[in-house]
Amino acid sequence: MPFLEVNDFPGADGRAPAARAEAARRMTEALAGCWGIDPAIISCYFQLYPTDAYAHAGEMPPPADTRRIFVKLHAIARTADMRRAAAAAVTRAAAQSYDVPDKAVVIYFFERTVSEIAHGGVLEGGTGHMT
């Protein structure tokens, strides 16, 4: 069950809530499409950072043209080609949703093996319940 953690900023025009809804839809569709998975298993979590809670190159607040939207993609490990496809598709989806250039979107992959993921207290990979 992949999930995306998105660290973003309020837009000067107040578009953050609408941009987030659009980003959730577009990023979910993009990831599901390039990995061939059901969109129903993908979650998105958004964390809003005010401009005085982010620095870049030691500058706080950073100029608007250096602000980045960081996306952490948590999932079972995929091949480099699958990560490459996801990076391109999710970047494009986020950039379009937030109306920023692709270079303003940064994606980090946090991958796990199946046996490192538990749902409902049950460790995946056939090892039974966790204690």
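Trainee: Which residues touch the most other members in the largest nonpolar core?

Mentor: In this predicted model, the largest nonpolar core holds 24 residues, and L4, M27 and V71 are the ones that touch the most other members. Five elements give two or more residues to this core, namely strand 1 (3-8), helix 1 (16-35), strand 3 (69-76), helix 2 (80-98) and strand 4 (105-112).

Trainee: What does M27 touch, leaving aside residues up to four places away in sequence?

Mentor: With those sequence neighbours left out, M27 touches L4 and V6, then C44 and F46, and finally V90, A93 and A94. L4 and V6 fall within strand 1, which spans 3-8, while C44 and F46 fall within strand 2, which covers residues 43-48.

Trainee: How should I read the order of the elements along the chain, and how many helices and strands are there?

Mentor: Begin at the N terminus and follow the chain, which gives the pattern β-α-β-β-α-β-β-β; the chain has two helices and six strands.

Trainee: Which strands form the open sheet, and in what order do they stand?

Mentor: It helps to keep the order in the sheet apart from the numbering along the chain. Four strands form an open sheet in the order 2-1-3-4, and the pairing is mixed. Strand 2 and strand 4 stand at the edges, each with a single partner strand, so one side of each has no neighbour in the sheet. From one strand to the next, the twist averages 15 degrees.

Trainee: How many bridges join each pair of strands, and which pairs run parallel or antiparallel?

Mentor: Let us take the pairs one at a time, starting from strand 1. Six bridges join strand 1 to strand 2, and these two run parallel; in this pair, D8 stands opposite L48. Strand 1 is also joined to strand 3, by five bridges, but here the strands run antiparallel, and N7 has F70 of strand 3 as its bridge partner. Strand 3 and strand 4 are joined by eight bridges and run parallel, with V71 standing opposite I107 in strand 4.

Trainee: Is strand 1 mostly covered or mostly open?

Mentor: To judge this, count the buried residues, where buried means under 20% relative accessible area. Strand 1 is mostly covered, since five of its six residues are buried. For the chain as a whole, 31% of the 131 residues count as buried.

Trainee: Where do the two helices lie with respect to the strands?

Mentor: Helix 1 lies across strand 1, strand 2, strand 3 and strand 4, and runs at about 140 degrees to strand 2. Helix 2 lies across strand 1, strand 2, strand 3 and strand 4 as well, running at about 140 degrees to strand 4.

Trainee: At what angle do helix 1 and helix 2 pack, and how far apart are their axes?

Mentor: The angle between the two helices is about 160 degrees, and their axes are 8 Å apart. Angles over 145 degrees count as roughly antiparallel, and helix 1 and helix 2 are therefore roughly antiparallel to each other. Helix 1 passes helix 2 in a right-handed crossing. Among the residues of helix 1 that meet helix 2 are A19, A23, M27 and A30, and those of helix 2 include A86, A89, V90 and A93.

Trainee: How much of the contact in the chain joins residues 24 or more positions apart?

Mentor: Among contacts with a separation of 6 or more, residues 24 or more positions apart account for 67%.

Note on methods
Residues are numbered from 1 along each chain as its sequence is written. This is a predicted model: local features need pLDDT of at least 70, side-chain atom pairs count only at pLDDT 80 or more; totals for chains, interfaces and linings use all residues. Side-chain values use heavy atoms; hydrogens and water are left out. A nonpolar core is a set of buried Ala, Val, Leu, Ile, Met, Phe, Trp, Tyr and Cys residues joined through side-chain atoms within 4.5 Å. Buried means under 20% relative accessible area, exposed over 50%, partly exposed in between (1.4 Å probe, protein chains only). Contact means heavy atoms within 4.5 Å. Two strands pair if DSSP finds at least two bridges between them. Axes are lines fitted to C-alpha atoms, for helices over the stretch in contact, and angles run from 0 to 180 degrees between N-to-C directions. Angles under 35 degrees count as roughly parallel, over 145 as roughly antiparallel, 65 to 115 as roughly perpendicular and the rest as oblique. A crossing is left-handed if the near helix is turned anticlockwise from the far one by less than a right angle, and right-handed if clockwise.
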